[in-house]
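Welcome! Take a moment to look over the sequence and the 3D view, and then let us walk through them together.

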Amino acid sequence: MKLKETKELFQNELAGLYDFEEIDSFFYILIEHYLGLKRIALALKPEISCSKEDLESILKALEFLKKQIPIQYILGETEFFGLPFKVNSHVLIPRPETEELVYQVLQYLKKINNRISFDRNLDKRPIPAILDIGTGSGCIPVTIKKEYNECNIIAVDISNAALKVAIHNANHHGANVTFFKQDILSEKLTKPNEPYDIIISNPPYIPTSEIAVMSESTVKHEPQIALFTDDEFGLVFYQRIADLCSTWLADNGAVFLELNEYHSHKIKEIFLKEGSFDSVEIIEDMQGKPRILFAVR
């Protein structure tokens, strides 16, 4: 079967489930993944055919797409901050908003690094200790470690299956990150020996009451434990992290959290009431939505 005909098959089989542009995108992603062909190559040579084995893989992917399984899970990988990350149904698919969260953390690290560099009373620059809560695929700590090696990062998650994926990604990228299984809502948490300079989290923040208005693909196939909370506004993890900051966050430490855009003001109030922060601000993402909380002690 010629690729031109395969593309037409995708449009016919997936019509009604996805829009035209999205179907086109799926097709070209699969062609590049299995055949190594860029979109422009097919445009220049529309009569190109593929091997029987490659065609079988592409048609198998088509069947998964008809079940609305995310293409990242079909391929077993996605790109985050320019790096490939393994993903499966045990971890959330990283979103662009989380890339913006990582960008803000990296900008902050560079800022404090430059400030310390000018302090002549310090013979040796301190190594910041960072905690990532609910690490999932490990995309946050691995990316930070790759971009800013002079830090110690601990990442925790409640899911053994998610931690397995995160450890794979850290090993693949040669990122020295320490992973632990931990239920952050448990009352039996062990206080760290040293306080953290930075605490980061993209926690579950969608109330279960909102499931009905979410995409079927996300609800059916991404891990619900990483998405949903049982409380009314999805604030339980934010409250817990704020409580932990009183003993876990170092003096002059910072917190970076991805937010539920619809309840960002409520989350800001939680951290203002915590009482020990000099500043608590909401950072808008590239779409102008309030998506990141940045608090400094």
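Which strand gives the most to the lining of the second largest pocket? Before we get to that, please keep in mind that this is a predicted model. The strand to look for is E4, which gives four residues to that lining. E4 covers residues 152–157, and it has company: strand E3 (129–133) and strand E5 (177–181) also supply at least two residues each.

The pocket itself has a volume of about 360 Å³. It is lined by 19 residues, and the closest to its centre are Ile154, Thr178, Phe180, Pro192 and Tyr196. Sorted by class, the lining holds 10 nonpolar residues, six polar ones and three charged ones.

Now let us step back to the sheet. E3, E4 and E5 belong to an open sheet of seven strands, arranged in the order E5-E4-E3-E6-E9-E11-E10 with mixed pairing. At the edges sit E5 and E10, each of which pairs on one side only. On average, neighbouring strands of this sheet are turned by 15° against each other, direction ignored. In general, strands of a sheet pair through backbone hydrogen bonds, and they can do so in a parallel or an antiparallel way.

You can find the parallel kind between E3 and strand E6 (residues 196–201), which are joined over four bridges. One place to spot this is Ile130, whose bridge partner in E6 is Ile198. Helix H8 (residues 160–173) packs on the sheet as well, touching E4 and E5, and its direction makes about 170° with that of E5.

Next, follow the sheet to strand E11. Six of the seven residues of E11 (residues 290–296) are buried, so this strand is largely enclosed by the rest of the structure. What lies beside it in the sheet? Strand E9 (residues 249–258) runs antiparallel to E11, and five bridges join the two; here Phe256 has Phe294 as its bridge partner. Strand E10 (residues 279–284) also pairs with E11 in the antiparallel sense, over six bridges, and Ile282 stands opposite Leu293.

E10 and E11 form a hairpin with five residues between them. In its turn you will find Gly288, which has a positive phi of about 80°. To finish the tour, look for helix H11 (residues 264–274): it lies across E9, E10 and E11, and runs at about 160° to E10.

How values were computed. Residues numbered from 1 in each chain as written. Predicted model: local features only at pLDDT ≥ 70, side-chain atom pairs only at ≥ 80, totals over all residues. Heavy atoms only, no water. 1 Å grid on protein atoms, 1.4 Å probe; cavity = no way out; pocket = protein on both sides within 12 Å on 5 of 7 lines; lining within 4 Å. Points joined across faces, edges and corners; volume = space filled by probe spheres on them. Nonpolar A, V, L, I, M, F, W, Y, C, P; charged D, E, K, R; others polar. Buried < 20%, exposed > 50% of the residue type's maximum accessible area, 1.4 Å probe, protein only. Pairing = 2+ DSSP bridges. Axes fitted to C-alpha atoms, helices over the stretch in contact; angles between N-to-C directions. Contact = heavy atoms within 4.5 Å.
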